[in-house]
Amino acid sequence: MKDSLVTVFGGGGFLGRHVAQALMERGARVRIAQRDLASAMRVQPLGGLGQKQFVAADIRKPQSVAHAIAGSDMVINLVGVLNGDFEGSHHDGAANVAKAAADADVRALVHVSAIGADPQSPSAYGRSKAAGEAAVMAAFPQATIIRPSILFGPEDQFLNRFAQLISSFPVVPVIGAETKFQPVFVGDVAQAIIQAIDNPALHGRKTYELGGPEQLSMMELNRWIAKTIGRQRPLIAVPSSIASFIAGLGFLPGAPITRDQYAMLQKDNIMSTSAPGLAELGVAATPMEAVAENWLIRYRRHGRFAGRVKA
């Protein structure tokens, strides 16, 4: 991998910054392809002089994608959205990246999808992710598909979001209380992607599902966060009828959940028992309790100076 040029679509995002840093630690040159380059500037301090390139690219536009990939040895596509243009970002965009990668004759392509990608998914998100996977394999059959569960890490929008709610309100409603998740550490996913891109002969043409060592329901997860930040709160499971009504208001500014996100909560977000995962990529899964307290501590009443007492 040393001195190889790896183009990372979405490399300025939460997962992308970890992937970029891991690539540069292995001596690769990294080209960050991002629609909004301002959001990619946090990669700038990482790596050494000459290891980073930045290019504006919109994966929904084939010419933009081809320009970003030109001269690359390997390509990683991390682009994903939780609302908005699912088809354009997850399906058409994935197809554009795979076709351009094939045309450029790159050595390897890793496409990051998601657990829950399914043509029969109740959510447009899940269906578009499945369509994107199919398009990638049609255009670049030797690609590796990576399906992570929900990511957690210092800047995540998962543990931090719930910790903020628990620290701010005396009673916390929990939507999708029984839905199970298998949260996976962002650093583990980044290392798994590096393993896959570095050995396409072994990992190409395969689909990996990445989950952490724990499966937790949404209610269990919120209880764990409340305990970790020392703020025990009444956690109230929102009945499905009310949750569905709230989701129907998702088009309003400030709504806590969209209809499509609620549809995703109708199915557990956990690994298939038959799918290869982190272990097959040579990565040990990191438990939440081993790392999450390092950043969740700021949600305690007195931050890192607080003891674990009831707020």
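Which residues does leucine 23 touch, not counting residues up to four places away in sequence? In this predicted model, the list runs to Met1, Val6, Val8, Ala28, Val30, Ile76, Ile194 and Ile197. That makes Leu23 a handy place to start a walk through the nonpolar interior.

Step back from that one side chain and you'll find that Leu23 belongs to the largest nonpolar core, a set of 71 residues. Leu23 is among the residues with the most contacts inside this core, along with Leu15, Ile76, Leu159 and Ile193. If you're wondering which element gives the most to the core, look at helix H6, residues 186-198, which puts in eight residues. Apart from this core lies another one, made of 21 residues. Phe9, Val75, Val136 and Ile145 are among its members.

Now hop over to helix H3, which spans residues 86-103 and is home to serine 89. Is this serine buried or exposed? Its relative accessible area is 10%, so Ser89 counts as buried, the cut-off for that being under 20%. As for its company, once you leave aside neighbours within four places in sequence, Ser89 is in contact with Ile59, Arg60, Val79, Val81 and Ala94. To get a feel for distances, try pairing Ser89 with isoleucine 270: the two are 181 residues apart in sequence, and their C-alpha atoms are 23 Å apart in space.

Last stop, the aromatics. The structure holds five aromatic pairs, and one of them brings together phenylalanine 152 and phenylalanine 185. Their ring centres are 5.6 Å apart and their planes meet at 40°, so this pair is tilted; an angle over 60 degrees would have made it edge-to-face. The pair links distant parts of the chain, with Phe152 sitting in strand S7 (residues 151-152) and Phe185 in strand S10 (residues 184-185), 33 residues apart. How buried are the two partners? Phe152 has a relative accessible area of 0%, so it is buried, and Phe185 is buried too, at 16%.

For another geometry, turn to phenylalanine 158 and phenylalanine 162, whose rings form an edge-to-face pair. Here the centres are 5.5 Å apart, with 75° between the planes. Both of these phenylalanines are buried.

One more thing to look for while you have the rings on screen: Phe152 and Phe185 aren't on their own, since they form one aromatic cluster together with Trp295.

Terms used. Residues are numbered from 1 along each chain as its sequence is written. This is a predicted model: local features need pLDDT of at least 70, side-chain atom pairs count only at pLDDT 80 or more; totals for chains, interfaces and linings use all residues. Side-chain values use heavy atoms; hydrogens and water are left out. A nonpolar core is a set of buried Ala, Val, Leu, Ile, Met, Phe, Trp, Tyr and Cys residues joined through side-chain atoms within 4.5 Å. Buried means under 20% relative accessible area, exposed over 50%, partly exposed in between (1.4 Å probe, protein chains only). Helices (H or I, at least four residues) and strands (E, at least two) are DSSP runs, numbered from the N terminus. Contact means heavy atoms within 4.5 Å. Rings of Phe, Tyr and Trp (its six-membered ring) pair if their centres lie within 6.5 Å; planes under 30 degrees apart count as stacked, over 60 as edge-to-face and the rest as tilted.
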